[in-house]
Amino acid sequence: MSILENKIREYRHLFEEHSSKIKEKREVEELRQLFFGRKKGLLTLLFEELKTLPPEEKKAAGRALNEFKEEIQQQLVQLELKAKTVRPQEKIAEDLTLPGWKPYWGAPHPLTLFQLAIEKIFVSMGFTVEDGPEIETDYYNFEALNFPPHHPARDSWDTLYINDKLLLRTHTSPVQIRVMEKKKPPIRIIIPGKVFRRETADPTHLPMFYQVEGLVVDRGITFAHLKGTLEYFIKALFGEKIKLRFRPSFFPFTEPSAEVDIECIVCHGQDPACRVCGGSGWKEILGAGMVDPQVFKNVNIDPEKYSGWAFGLGIDRTAMFAYQIPEIRYFYENDLRFLRQFNRK
Ligand code: DAH
């Protein structure tokens, strides 16, 4: 038997001796180094020796050496699988006076929390919460809401089309139609959800954001009910002292229509350079109005018997205002440093 083969036997014995004592992954690595270390590894040196053998011995010795190498490699893999990983923390965990690791529990997103606060106020007034599809037909998103094809009001609700008939809804208003088709008055609902517009992202715009829609239909409903309910809602959300104002506006599905502004809670109208309200002292948060008789006709509700009011509020922009957040994009970046501020327990 050649000297090399003798060494193989000797090293096999050595390997078995070491491997029988191994417990940790770190020790497997040490053993690997003992055999395969780049300069002094036992096998590395044997391969060096192989080069010096006379050609007639080289072939057989080379085969034996390669087989041995594979054998050791396979055993190292097995040892690696069996050995434990011992992390430095586990070692110091024996010191019971050290503070423990606190797991991070998931928590609702700030926009979810804000939406829930809104729902709670309306539910306390007897409203129910509804939802509808985010992919809508042109009929529900526009036509049934009294936007005929080519009506110029469609321009400010430009959106992402899936094909000629299907689009990503531009507002939560189509769900008004879906609900009125199914339920007869009295109706008292809110509809929170995602909406989509063709927007370029900037500090106050994103192509996707949240709205909450409201709808009340019954006999004898007047603009006074709209004003009273929205005033109650905004005071419940921002506190009794908040001032609000109704401005005339236009929406194809309401007549008359209004936009509602609330007093700037940052400068109270005192700072002409206020970054939140632009110095006007007011911030628009919702659109509203009395349901247009044509909308009732589209869903077979008799406008001679019934009347109603509706509103649509931007959840993101109202939350930005309430929490004084200068960037709508913060809500969607998933930065835990931002998100955790809303869940102090
Ligand atoms: N859908 C409108 C928008 O997205 C908001 C709105 C205005 C909703 C008046 C209403 C309403 O229900 O009555 O800008």
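# Exercises on a predicted model

By the sulfur-distance rule, this structure has zero disulfides. Keep in mind that the model is predicted. Let's work through it.

**Exercise 1. Work out why cysteine 274 and cysteine 277 form no bond with their closest cysteine sulfurs.**

Step 1. Recall what we are looking for: a disulfide is a covalent bond between the sulfur atoms of two cysteines. The cut-off to use here is 2.5 Å between the sulfurs.

Step 2. Take cysteine 274. Its closest cysteine sulfur belongs to cysteine 277 and sits 3.8 Å away, so that is too far for a bond.

Step 3. Now do cysteine 277. The closest cysteine sulfur to this one is in cysteine 267, at 3.6 Å, which is again too far for a bond.

Step 4. Check the surroundings too. Cysteine 274 is buried, at 5% relative accessible area, and cysteine 277 also counts as buried, at 11%.

**Exercise 2. Find the largest nonpolar core and say which parts of the chain supply it.**

Step 1. Start with the general idea: in soluble globular proteins, nonpolar side chains tend to be buried together.

Step 2. Here, the largest nonpolar core has 41 residues, and Ile234, Leu286, Phe311 and Leu313 have the most contacts inside it.

Step 3. Ask who contributes. Elements that each supply at least two residues of this core include helix 6 (110-124), helix 9 (223-238), strand 7 (254-263) and strand 8 (282-291).

Step 4. Zoom in on isoleucine 234. Leaving out residues up to four places away in sequence, isoleucine 234 touches Gly239, Ile242, Leu244, Val260, Ile262, Ile285 and Leu286.

Step 5. Don't stop there: a second, separate core has 26 residues, among them Leu145, Val175, Phe251 and Ala310.

**Exercise 3. Which residues come nearest to the ligand, and how much of the ligand does the protein cover?**

Step 1. There are 16 residues around the ligand, and the nearest are His171, Ser173, Arg197, Gln211 and Glu213.

Step 2. Pick out some polar contacts. Histidine 171 has a polar side-chain atom 2.9 Å from a ligand nitrogen. For alanine 310, a backbone N or O atom is 3.1 Å from an oxygen of the ligand. Tryptophan 157 has a side-chain N or O atom 3.4 Å from a ligand oxygen.

Step 3. Now the cover: on its own the ligand has 360 Å² of accessible area, and the protein covers 93% of that.

**Exercise 4. Is threonine 172 buried or exposed, and how about glutamine 115?**

Step 1. Locate threonine 172: look in the loop between strand 3 and helix 8.

Step 2. Read off the accessibility. Threonine 172 has a relative accessible area of 0%, so this residue is buried.

Step 3. List what surrounds it. Setting aside neighbours within four places in sequence, threonine 172 is in contact with Ile191, Pro192, Gly193, Val195, Gln211, Val212 and Glu213.

Step 4. Repeat for glutamine 115, which lies in helix 6. At 18% relative accessible area, glutamine 115 is buried; the cut-off is under 20%. Its contacts, with neighbours within four places left aside, are Pro192, Tyr210 and Ile315.

**Exercise 5. Place aspartate 131 in the fold and classify its accessibility.**

Step 1. Aspartate 131 is in the loop between strand 1 (128-129) and strand 2 (135-137).

Step 2. Its relative accessibility is 63%, so aspartate 131 counts as exposed.

Step 3. Aspartate 131 still touches Val175 and Ile191, not counting residues up to four places away in sequence.

Step 4. Compare sequence with space: aspartate 131 and isoleucine 189 are 58 residues apart along the chain, yet their C-alpha atoms are 9.8 Å apart.

**Exercise 6. Look at the backbone: where are cis peptide bonds and positive phi values found?**

Step 1. Go to proline 185 and proline 186, which are joined by a cis peptide bond with omega about 5°. Proline 186 is in the loop between helix 8 (174-182) and strand 4 (187-196).

Step 2. Another cis bond runs from glutamate 255 to proline 256, with omega near 0°. Proline 256 is in strand 7.

Step 3. Turn to phi. Asparagine 146 isn't a glycine, but its phi is positive, near 75°. With 24% relative accessibility, asparagine 146 counts as partly exposed.

Step 4. Glutamine 324 also has a positive phi, near 55°. You'll find glutamine 324 in the loop between helix 11 and helix 12, and at 46% relative accessibility this residue counts as partly exposed.

Conventions
Residues are numbered from 1 along each chain as its sequence is written. This is a predicted model: local features need pLDDT of at least 70, side-chain atom pairs count only at pLDDT 80 or more; totals for chains, interfaces and linings use all residues. Side-chain values use heavy atoms; hydrogens and water are left out. A nonpolar core is a set of buried Ala, Val, Leu, Ile, Met, Phe, Trp, Tyr and Cys residues joined through side-chain atoms within 4.5 Å. Buried means under 20% relative accessible area, exposed over 50%, partly exposed in between (1.4 Å probe, protein chains only). Helices (H or I, at least four residues) and strands (E, at least two) are DSSP runs, numbered from the N terminus. Contact means heavy atoms within 4.5 Å. A residue is near a molecule or strand if one of its heavy atoms lies within 4 Å of it. A polar contact is a pair of N or O atoms within 3.5 Å; within protein, one must be able to donate a hydrogen and the other to accept it, and residues adjacent in sequence count only if both atoms are side-chain atoms. Accessible areas come from the Shrake-Rupley method with a 1.4 Å probe; for residues, only the protein chains shown count as cover.
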